[in-house]
Amino acid sequence: VTLDAVFTPRAHDRYYEEVRPALLSLRQWSGELPMYDASGEVIHVWQSIVAKLTTAGEIEWLATIGYDITERRERELELTHSATHEPLTGLPNRALLLDHIRMALARSARESTVVGVLCIDVDYFKTINDAFGHDAGDIVLIDVARRIESALRPSDTVARLGGDEFVVLCDSVDGEREMLMIAERVRSAIESPPISAGSASLEVRISGGVALSGDEYQEPEELVREADAAMYRAKEHGRGRLELFDTSIVRGPGSADELSYQLAVGIGQGAITVDYQPIIELATGAVTGVEALARWHHDDRGVLDASEFIDISEQTGVVVPLGLQVLREAWRQAARWRRADGRDTRVHVNLSLRQLTDPSLPRVVRELITSTGLAPGQAFVEVPSRVLLEHPEHVETLRALNEAGARVVIDGLDAHAVARGVLREALSDGLKIDRALVAALGERRGRAAVAAVIALAHSQGVPAIATGVETTRQLVELRALDCDAAQGYFFARPRQADAIEPLLGRRFVG
């Protein structure tokens with residue numbers, strides 16, 4: 001049997017370039033060589049080869065043992081693909097996109113070319129989901145992905161960051177004019193003809209933002225953030241349009257985008273601190289944990305609550321480094337409390353949609369829990385119920401976070417959220433009742449809605465936690481409904497770590 005009849009051309013070349021020299025010098029070699037099976041199909045085989053040499057130092061004969069590793073190699077390829085691509089559309093995910101942008105920026109610095117990024121959102125995608133169902137929404141996303149691919153050059157890359165957001169990387173463009181031409185071509189491909197989703201014919205429109213690399217080297221996240229900011233400007237100006245990023249978008253005087261730019265600077269300068277609000281077990285009055293709340297010390301506007309800047313940070317992507325900073329500080333504080341008094345205080349940290357779309361989040365969470373030395377059950381993350389209702393694919397992200405060592409609480413439950421089955425599928429360690437329902441406890445409909453959330457929590461074997469408790473009457477009602485825990489101004493306002501410490505061992509009565 002000749003080598004050509006058994007080995008593929010690639011294996012044949014490797015034999016003469018690597019295997020044969022090793023056999024002549026060491027008389028043995030091990031490695032992978034693709035071969036043909038009896039039917040002529042290529043299989044992956046791990047070979048262990050031993051050579052018998054003549055007195056002249058030539059190969060007299062070979063003895064080899066081979067193991068078919070084709071299935072293992074295919075599984076490895078599948079795992080590699082799933083780690084770098086999102087499952088619905090098969091497109092690259094955020095991690096792979098950022099890696100491609102990093103390489104493109106490095107090439108552009110060497111070759112004096114321009115890198116372009118286009119961020120795309122499907123306008124009114126939530127309406128499509130609500131009106132026609134999530135299956136129709138999935139069909140739209142898959143069709144949009146294919147249409148974007150059809151409009152791109154072979155060297156371009158399209159990724160899906162989660163939800164209805166797509167990002168296009170154009171590796172090398174002549175400048176603004178060519179990038180805008182590509183963006184218009186992509187928009188035309190998406191918007192015509194209508195997309196068929198079951199019996200529905202959907203006229204899909206998109207908003208997009210374009211950013212171009214500058215003379216100085218940029219981080220990949222910065223370029224995506226600029227395109228993202230331009231996209232949100234397009235939405236603000238009426239949707240269904242494209243906007244080109246310029247510095248006025250994030251630095252315009254008095255604008256919300258100016259606040260986002262200042263926030264990004266503030267994160268880097270340590271202007272973000274964390275306050276803590278206690279969570280009380282209603283049966284005993286004991287403090288079982290605290291919720292970590294970001295505070296921004298703004299140079300001109302003083303201390304800002306998260307409610308004053310979290311939406312802006314979400315829109316422009318600044319929420320990702322912001323969230324990481326809060327996670328790190330809050331769990332480090334939990335570890336400090338544990339070392340100081342041996343108490344395993346639970347610390348809840350809020351996560352946003354942007355953070356959940358980051359495939360590295362479970363790994364980051366695992367590393368933080370390990371590095372801070374938290375006890376099992378100390379690290380909690382809170383996810384808004386609306387995120388799971390609008391993006392049910394993130395149920396799997398919750399499972400990954402749980403496997404990484406974090407307990408998951410679903411926040412902001414109301415009557416609408418309870419009625420949606422996706423929350424029953426979500427792995428959780430607690431359900432938080434929306435503060436608006438707590439405020440409406442005096443009304444029959446409000447009381448019934450709170451009772452429904454508590455019943456859902458107990459059916460899943462997890463505690464129901466009321467938020468925004470401010471009066472004795474609300475507390476009495478919650479206890480009558482068998483609510484497990486609560487937090488709010490009735491017990492304590494959020495305060496810094498040193499000020500919250502005296503409350504951790506206290507029992508609240510009322």
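1. Let me start with a single rung of a ladder: isoleucine 49 has threonine 64, in β3, as its bridge partner. Worth saying at once that this is a predicted model. The strands behind that rung are β2, covering residues 42-53, and β3; they pair in the antiparallel sense, and nine bridges hold the pairing.

2. Zooming out, β2 and β3 belong to an open sheet of three strands, ordered β1-β2-β3 and paired antiparallel. The edges are taken by β1 (28-36) and β3 (59-68); each has a single partner strand, so one side of each has no neighbour in the sheet. From one strand to the next, the twist averages 35 degrees. Helix α2, residues 9-26, lies across β1, β2 and β3, and its direction is at about 165 degrees to β1.

3. On to the aromatics, where the count is five pairs. One of them joins tyrosine 15 and tyrosine 16 edge-to-face, with 5.1 Å centre to centre and 90 degrees between the planes. How buried or exposed is each of these two? Tyrosine 15 has 9% relative accessibility, which is under the 20% cut-off, so this residue counts as buried. Tyrosine 16, with a relative accessible area of 46%, is partly exposed.

4. Another pair to look at is phenylalanine 490 with phenylalanine 491: the ring centres are 5.2 Å apart and the planes stand at 90 degrees, which is over the 60 degrees needed, so I'd call this pair edge-to-face too. Here phenylalanine 490 is partly exposed at 26% relative accessible area, while phenylalanine 491 is buried at 11%. Both rings belong to one aromatic cluster together with Phe508.

5. Two arginines deserve a look in the same part of the text. Which ring does arginine 506 sit over? The charged end of arginine 506 is over phenylalanine 508, 4.2 Å from the ring centre, and Phe508 is a member of the cluster just described. Arginine 493, for its part, lies over the face of tyrosine 489, with 3.9 Å to the ring centre.

6. The other sheet on my list is open as well, with five strands in the order β5-β6-β4-β9-β10 and mixed pairing. Why do β5 and β10 each have a side without a neighbour in the sheet? Because β5 (157-162) and β10 (242-244) stand at the edges, where each has a single partner strand. The twist averages 20 degrees from one strand to the next. At the β5 end, five bridges join β5 to β6 (residues 165-173), and the two run antiparallel; valine 158 stands opposite valine 168 of β6.

7. Two helices lie across this sheet. Helix α6 (residues 134-151) covers β4 (114-122), β5 and β6, at about 10 degrees to β6. Helix α7 (residues 176-191) lies across β4, β6, β9 (206-212) and β10, and runs at about 160 degrees to β9.

8. Last, alanine 234, which is found in helix α8, residues 220-236. With a relative accessible area of 0%, alanine 234 is buried. Leaving out residues up to four places away in sequence, alanine 234 touches Ser207, Gly208, Arg239, Arg241 and Glu243. How far is alanine 234 from arginine 146? Their C-alpha atoms are separated by 23 Å, and the two residues are 88 apart along the chain.

Methods:
Residues are numbered from 1 along each chain as its sequence is written. This is a predicted model: local features need pLDDT of at least 70, side-chain atom pairs count only at pLDDT 80 or more; totals for chains, interfaces and linings use all residues. Side-chain values use heavy atoms; hydrogens and water are left out. Two strands pair if DSSP finds at least two bridges between them. Helices (H or I, at least four residues) and strands (E, at least two) are DSSP runs, numbered from the N terminus. Axes are lines fitted to C-alpha atoms, for helices over the stretch in contact, and angles run from 0 to 180 degrees between N-to-C directions. Contact means heavy atoms within 4.5 Å. Rings of Phe, Tyr and Trp (its six-membered ring) pair if their centres lie within 6.5 Å; planes under 30 degrees apart count as stacked, over 60 as edge-to-face and the rest as tilted. Buried means under 20% relative accessible area, exposed over 50%, partly exposed in between (1.4 Å probe, protein chains only). A charge sits over a ring if NZ of Lys or CZ of Arg is within 6 Å of the ring centre and within 35 degrees of the ring normal.
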